[in-house]
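This report covers aromatic contacts, charges over rings and one sheet. The sequence and structure are shown first, and the account follows.

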Amino acid sequence: MEVNVDNCLEAVTKEIQIKCQEKVNELETAKKEYQPESVTEGIHLKSEEKVNEIEPVKKEYQSESLAEKIKVTSEEKDNEVGLEEIKDQTESVTKEDPFAYLDRDDFTSEKYKIEIRNLPKHYGIAEFKKLINIKLELNCSKVKTPNRNGKWLYMCFRSEEDKNTALGILNGYNWKNTKLDASNAKAVPDPLVKKRNEQFDDCPDAKKIKLDNAGAEQQMISAVTPLYKISYDEQLIQKTNSIKNVLMDYSRRLKRIKCGQGILNWLKKQQDENNGLPCKLLEIQSLKDDPERCIGYRNKCEFTIGMDVENKEPVVGFRVGAYNQGKTSVAPIDNISNVPQRMKDVVKCFQDLVRASKLPVFDPENYTGHWRQLTVRLSLKTEQLMLICVVHTENMEESALNSLKQLILSYFTEGAGTDCKVDSLYFQKAKKRAAGEGNSFPLELLHGQGYIVEEVKGLRLRISPESFFQINTAASEILFDAAKDLASINSQTTVLDVCCGSGTIGLSIAKDCAQVIGVEIQEEAVNMAKLNATENGITNAIFFAGKAEEVMNKREFQNPENANDVVAIVDPPRAGLHNKAILLLRRMTHLKRLVYMSCNPKGAMQNFLSLSMAESKTKQGAPFVPVKAVPVDMFPQTPHCELIVYFERL
């Protein structure tokens, strides 16, 4: 069954055609103004400007007949000025205004921004926010610091009135015996336009060579899987050396902070015993004995919906580069080695839907268009599939939105998409966030169950759209075993599962320990963890929702039943654990052992150092020091590597 959403476009088609004819007439005028024999280049530039004015109309409505008309007209003009032999190799580069975005109607925090200088020598961002939001009641939408512990900061507002009010109050305001200096701040240039202008400066002839689709795809592959040409044994060697560098850096930085003579003596002894490393480094764990599972291993991918670089045709894949690199194009994922084939087939099928719908894809530069992202979650053991279709709905009427939902639903339940065998189909609206809004928008279940099931270590675990789950299911079993072995968990051990997600780690070792007590900031993930425990018949695991630094004050964490043998397993997001949670773990006198799992070891460095610093007024409790570490390769063909570090009290 095919559902057409073109009806929402009919009302404006005639108006668009009139506008296009006006542009064509202007092209004719441009042609008459110049003689092709003497000023060919001038005609080309003028005609190009007019064609470019037509292009946004074509992109916005994607009318098939209208697009064909624009294409034919522009080709005729190029032929008339005799430049077709150049067009295929080069394109004009015109400098753009990097601050043009400030004139658009949509909100940006750069419009109403002030700069605060002469800040106190010692202050915290939390203190400053309390001052402006609670005491002074300023309507500030965002506080930005150029760098950590910066000497100045920026405040952003939603209106000129709010900005001027803040300037009047803060300039000369005495805070912590220091008079603040507040002034208007310049907006930053659009990074995409800035990069394009830099490319213009590098091309004195105002020309640049076009990147074709094959070149764009190769750039994308090299960015997503940079190690794909290297043998897997060599990849493991590189990752082991990278982990060694992280541990060496830990040693160097520990010596530079106030860690106490006792820790320095311990560190010297450890380095003597471990070839300069602060702890024993075990052999990297991986799936090298099963090479087939080192490819197509990802169980979740977020695909961007955009345009290719050559034909300007909708593509569902990965970005060729970052926005701040001046790139917004997308390349297909057919030859990406870590994406499973079934996921590739689903993406190709969804791409057919996008192209047939005639709705424009999302343009991150101008915040126009609709198709934005497709998230795919796939259980490689049960083969259950979840799709999350993300659509930019700003300036989209409710009737068109409902038609689009029906189009997606019908496609996957009655049309060509039935071959994908989707178990869970979600729709998610996206728009530019207003002040105070969260990082995500509500999900709407269009079809099927609200989760998929994955099997790990003999458990059947529900995975919801927002659940955290290790990206490599097969390697996650190796990861969990390594963590359990490092911590020497036994039937008398109480495990504190910090940042537990949907309970995967804790539940996988529950049968080997006395009790699992988990904490996770996402309430939905905690509900899923409780459900997973019930469905797998696990009765010795309890889970709490909230911030780790707050929940761990509860009696269950501070005074567990088996307080003689307590170990914490910490598996935080890439940014690491909040410092307040680290300090709370240190204050738990009954906690003697800690296992820290990090997918971003360099980013976890500050957590490692905070655990190991000497005891003080702010860092109560004896320090933790690393005893053993083991790398686990969760991400073949990429430079990333998971690191597990086992700490003990000194």
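## Sheet and helix packing

Helix 15 (residues 523-535) lies across strand 20 (515-520) and strand 21, running at about 170° to strand 21. Helices (H or I, at least four residues) and strands (E, at least two) are DSSP runs, numbered from the N terminus. Contact means heavy atoms within 4.5 Å. Axes are lines fitted to C-alpha atoms, for helices over the stretch in contact, with angles from 0 to 180 degrees between N-to-C directions.

This is a predicted model, in which local features need pLDDT of at least 70 and side-chain atom pairs count only at pLDDT 80 or more, while totals for chains, interfaces and linings use all residues. Residues are numbered from 1 along each chain as its sequence is written, and side-chain values use heavy atoms, with hydrogens and water left out.

Strands 20 and 21 belong to an open sheet of eight strands with mixed pairing, in the order 9-24-25-23-22-19-20-21. Two strands pair if DSSP finds at least two bridges between them. Strand 9 (280-281) and strand 21 (541-545) are the edge strands, each pairing on one side only. Within the sheet, strand 24 (residues 624-632) and strand 25 (residues 642-649) run antiparallel and are joined by eight bridges. Val-625 stands opposite Glu-648 in strand 25.

## Aromatic pairs

The whole structure holds nine aromatic pairs. Rings of Phe, Tyr and Trp (its six-membered ring) pair if their centres lie within 6.5 Å; planes under 30 degrees apart count as stacked, over 60 as edge-to-face and the rest as tilted. Two of the pairs are tabulated.

| Pair | Centre to centre | Angle between planes | Class |
|---|---|---|---|
| Phe-303 and Phe-318 | 5.2 Å | 20° | stacked |
| Phe-350 and Phe-412 | 6.3 Å | 15° | stacked |

Phe-303 in strand 10 (residues 300-307) and Phe-318 in strand 11 (residues 314-319) are 15 residues apart. Phe-303 is buried, with a relative accessible area of 0%, and Phe-318 is buried at 13%. Buried means under 20% relative accessible area, exposed over 50%, and partly exposed in between (1.4 Å probe, protein chains only).

Phe-350 lies in helix 11 (residues 341-357) and Phe-412 in helix 12 (residues 398-413), so their pair ties together parts that are 62 residues apart in sequence. Both Phe-350 and Phe-412 are buried. Phe-350, Trp-371, Tyr-411 and Phe-412 form one aromatic cluster.

## Charges over rings

The charged end of Lys-113 sits over the ring of Tyr-154, 4.6 Å from its centre. A charge sits over a ring if NZ of Lys or CZ of Arg is within 6 Å of the ring centre and within 35 degrees of the ring normal. Lys-176 has its charged end over the ring of Trp-175, 5.5 Å from the ring centre.
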